[in-house]
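Colleague: I would like to learn how to read a model like this one, feature by feature. Please take me through it at an easy pace.

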Amino acid sequence: MALRKIRLEGDPILSKKCNPVKEMTPHLVELAHDMLDTMYDANGVGLAAPQVGVLRRIVVIDVYDGNGPHYLINPKIVEKDGEQTGQEGCLSVPNKVGTVTRPNHVICEAYDLDMKPYTLEGEGLLARAICHELDHLDGIMYTSKVEGDLMEVTYDGDDEEGEGEE
């Protein structure tokens, strides 16, 4: 698979709403696999298609809990409850984090790469990642939800305890 270029905040494509996937094509399957490779290469936990310049409703997520990776085609959140407030980052906004409040539990309906419907339920980091990535599909950056200011962060490569960027 190939690594894709991650679009950075300020790129106009990140503020556009994505189009639904009507049918899965070999090109879109390749895109989804490339997205996952790109996300892993960048040490992220999620990546949405517009972040690699494609306006399709495709998301990949892996929170390294042994249950991923998750490919979500045309995802939508059908239930959410609870609340969590914590630091969040984004591969399109490198080296910055901000405090964001999100639901602590979500249920998401999506299609897999074979266009078979399935449900993904997430709590904690997975719920945060689902919300964050689905926002990207509607042109919403997490920076618009940050409480307070964005903070600079640096990764020295020795810190294996971080949750990664979304």
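**Reading the features**

Modeller: Let's begin with Tyr40, which is partly exposed at a relative accessible area of 30%. Please keep in mind throughout that this is a predicted model.

Colleague: Why does Tyr40 count as partly exposed?

Modeller: The class between buried and exposed runs from 20% to 50%, so Tyr40, at 30%, falls inside it. Tyr64 lands in that class too, because its relative accessible area is 47%.

Colleague: How many aromatic pairs does the count give?

Modeller: The count is one aromatic pair. Its members are Tyr40 and Tyr64, whose ring centres lie 6.0 Å apart.

Colleague: Which kind of pair do Tyr40 and Tyr64 form?

Modeller: Look at the angle between the ring planes: under 30 degrees is stacked, over 60 is edge-to-face, and the rest is tilted. Here the planes of Tyr40 and Tyr64 make 50°, so the pair is tilted.

Colleague: Which parts of the chain does the pair link?

Modeller: Distant ones: Tyr40 sits in helix α1, residues 26–41, while Tyr64 is in the loop between β2 (58–61) and β3. The two residues are 24 apart along the chain.

Colleague: Let's turn to the backbone. What should I look for there?

Modeller: The general idea is that most residues other than glycine have a negative phi, and most peptide bonds are trans. That makes the exceptions easy places to pause. Tyr64 comes back here, with a positive phi of about 60° although it is no glycine. Asn43, also a residue other than glycine, has a positive phi near 60°.

Colleague: Where is Asn43 found?

Modeller: Asn43 is in the loop between α1 and β1, the latter being residues 46–48. With a relative accessibility of 56%, Asn43 counts as exposed, because the exposed class begins over 50%.

Colleague: And which residues does a cis peptide bond join?

Modeller: Gly68 and Pro69, with omega at about 5°. Pro69 is in the loop between β2 and β3, the loop where Tyr64 is also found.

Colleague: Next, the sheet. How do I read strand pairing?

Modeller: Strands of a sheet pair through backbone hydrogen bonds, in a parallel or an antiparallel way. In this model there is an open sheet of three strands, ordered β4-β5-β8 and paired antiparallel.

Colleague: Which are the edge strands?

Modeller: β4 and β8, as each of them pairs on one side only. Neighbouring strands of this sheet are turned against each other by 25° on average, ignoring direction.

Colleague: How many bridges join β4 to β5?

Modeller: Seven bridges join β4, residues 84–90, to β5. The two strands form a hairpin with two residues between them. For a landmark, find Gly89, which stands opposite Val97 in β5.

Colleague: And over how many bridges do β5 and β8 pair?

Modeller: Over three, again in the antiparallel sense, with β8 covering residues 147–152. Two positions help you find the register: Thr99 has Glu147 in β8 as its bridge partner, and Lys96 stands opposite Glu152 in β8.

Colleague: What about the segment after β8?

Modeller: Thr154 lies there. Thr154 is exposed, since its relative accessible area of 75% is over 50%. Sequence distance and spatial distance are worth reading side by side: Thr154 and Asn95 are 59 residues apart in sequence, while their C-alpha atoms are 6.1 Å apart. Now take His27 and Leu47, which are 20 residues apart in sequence, with 17 Å from C-alpha to C-alpha. His27 belongs to helix α1.

Colleague: One last feature, then: pockets. How much space lies in the second largest pocket?

Modeller: About 180 Å³. The second largest pocket is lined by 13 residues, and those closest to its centre are Ile77, Lys80, Cys131, Asp135 and Lys145.

Colleague: Which elements give two or more residues to that lining?

Modeller: They are β3 (70–81), β5 (93–102) and α2 (125–137). The largest share, four residues, comes from β3.

Colleague: And what does the lining of the second largest pocket have by class?

Modeller: Seven charged residues, five nonpolar ones and one polar residue. Notice that β5 gives residues to this lining as well as pairing with β4 and with β8.

How values were computed: Residues numbered from 1 in each chain as written. Predicted model: local features only at pLDDT ≥ 70, side-chain atom pairs only at ≥ 80, totals over all residues. Heavy atoms only, no water. 1 Å grid on protein atoms, 1.4 Å probe; cavity = no way out; pocket = protein on both sides within 12 Å on 5 of 7 lines; lining within 4 Å. Points joined across faces, edges and corners; volume = space filled by probe spheres on them. Nonpolar A, V, L, I, M, F, W, Y, C, P; charged D, E, K, R; others polar. Phe/Tyr/Trp six-rings, centres within 6.5 Å; stacked < 30°, edge-to-face > 60°. Buried < 20%, exposed > 50% of the residue type's maximum accessible area, 1.4 Å probe, protein only. Pairing = 2+ DSSP bridges. Axes fitted to C-alpha atoms, helices over the stretch in contact; angles between N-to-C directions.
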